[in-house]
Amino acid sequence: MARKGGLGKGLGALIPEMPTDPADNIKYVEMGKINPREDQPRQHFERGALEDLAASIRIHGILQPLILRRTGDSYEIIAGERRYRAAKLADLDEVPAVIKDVDDGSVKEISIIENIQREDLNPMEEASAYKELMEEYKLTQEQLAAKVGKSRSYVANALRLLKLDPETMSYLVKGDLTISQGRTLLSIADPKQRQSTLEKLLSKDTNIREIERISKGTRRLKQDIYLKEIEEEIGELLAAKVRLLPKKKGGRIEIEYYDESDLERIYELFKGGVQ
């Protein structure tokens, strides 16, 4: 399988005039002149993974240059903070970098997308990054998905994790829970039942299939209540008896009428729009 390009679809569009051959524009910058961004979207850097990368850097060097921008006499990291941290552990004096002229508004977006596309954020950092991009740049989930090269459903599922309580989020950050387990916990509406299930997951006393079996019953009850409410509202709007008959996919709506004149009345309501 061909290796995915370093910058990815989103970054290539955001950073102007990226050279076809990055070696044409690479310079070596002293480590002491490089500063990380204060609002770096990635907050958790696993020490073991950094040390593994540092060990590789000592042998092979940095294979992908950092992307920096000049700030006075120093440089700010746009993309590549993980490589920068590993380079410090490897005691490098300088690192390869591409220097770009990027405005403040674009730097944050580029930094977030670079982290997302490298797939080394934990689930909560990724979800928070998506939310930040959507809010700051007024993006829909579909627009964001196109920008970061993910499917809309992937983005939607990632954002759902932000509805979890702080304790459960912390287990996702540490890797004690998987993303699938986190999403499945969200399907349990009752807080006590969710907490009990969380404890079972952490102690390996249950699995996702069992959780889904429990939550399916809860969802079915909520769905029945929801359908009943809609039946009543449509019935009030039409002044008629209405039944919703759900199927595995979709369903039918039944509207009763008493006689021909009542049918004509309902027809006129649909024709003119129910007010």
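**A tour from the core to the surface**

Start by selecting Ile34, Leu66, Leu68 and Val95: in the largest nonpolar core, which has 18 residues, these touch the most other members. A nonpolar core here is a set of buried Ala, Val, Leu, Ile, Met, Phe, Trp, Tyr and Cys residues joined through side-chain atoms within 4.5 Å. Buried means under 20% relative accessible area, exposed over 50%, and partly exposed in between (1.4 Å probe, protein chains only). Now colour α2 (47–60), β3, β4, α3 (81–89) and β5 (94–99), since each supplies at least two residues of this core. The biggest giver is α2, with four residues. Helices (H or I, at least four residues) and strands (E, at least two) are DSSP runs, numbered from the N terminus.

Before going on, a word on what you're looking at. This is a predicted model, with residues numbered from 1 along each chain as its sequence is written. Local features need pLDDT of at least 70 and side-chain atom pairs count only at pLDDT 80 or more, while totals for chains, interfaces and linings use all residues; side-chain values use heavy atoms, with hydrogens and water left out.

**Around Leu66**

Zoom in on Leu66 and show its contacts (heavy atoms within 4.5 Å). Leaving out residues up to four places away in sequence, Leu66 touches Ile77, Ala79, Gly80, Arg83, Tyr84, Val95, Pro96, Ala97 and Val98. Apart from the core you started with lies another one, of 15 residues; pick Leu121, Tyr130, Met134 and Ala158 to see some of its members.

**Strand β4 and its partners**

Next, select residues 74–79. This is strand β4, and six of its six residues are buried. Two strands count as paired if DSSP finds at least two bridges between them. On the parallel side, β4 pairs with strand β2 (residues 34–35) over two bridges; click Ile34 and you'll find Tyr75 as its bridge partner in β4. Strand β3 (residues 66–71) runs antiparallel to β4, joined to it by five bridges. Thr71 stands opposite Ser74. What do β3 and β4 form together? They make a hairpin with two residues between the strands, and Gly72 in the turn has a positive phi of about 70°.

**Salt bridges**

Time for the charged pairs. A salt bridge is a side-chain nitrogen of Lys or Arg within 4 Å of a carboxyl oxygen of Asp or Glu, and the count comes to five. Go to α3 and show Glu81 and Arg85, whose side chains meet at 3.0 Å, N to O. These two are about one helical turn apart because they sit four residues from each other in the helix. Glu81 counts as buried, at 6% relative accessibility, whereas Arg85 is partly exposed at 34%.

Now jump to Arg243, Arg252 and Glu254, which are linked in a network of salt bridges. Arg243 meets Glu254 at 3.5 Å, N to O. That pair links distant parts of the chain, eleven residues apart: Arg243 is in strand β6 (residues 242–246) and Glu254 in strand β7. Glu254 also meets Arg252, at 3.2 Å. Glu254 is partly exposed at 30% relative accessible area, and so is Arg252 at 41%.

**Last stop: a surface patch**

Stay with β7 (residues 251–255) and select Ile253. Is Ile253 buried or exposed? At 54% relative accessibility, Ile253 counts as exposed. Add Ile255 and Phe270: with Ile253 they form a nonpolar patch on the surface, with about 290 Å² of accessible area together. Accessible areas come from the Shrake-Rupley method with a 1.4 Å probe, and for residues only the protein chains shown count as cover. Patches are made of residues with over 30% relative accessible area and no salt bridge, joining like charges within 9 Å and nonpolar side chains (Val, Leu, Ile, Met, Phe, Trp, Tyr) within 5 Å.
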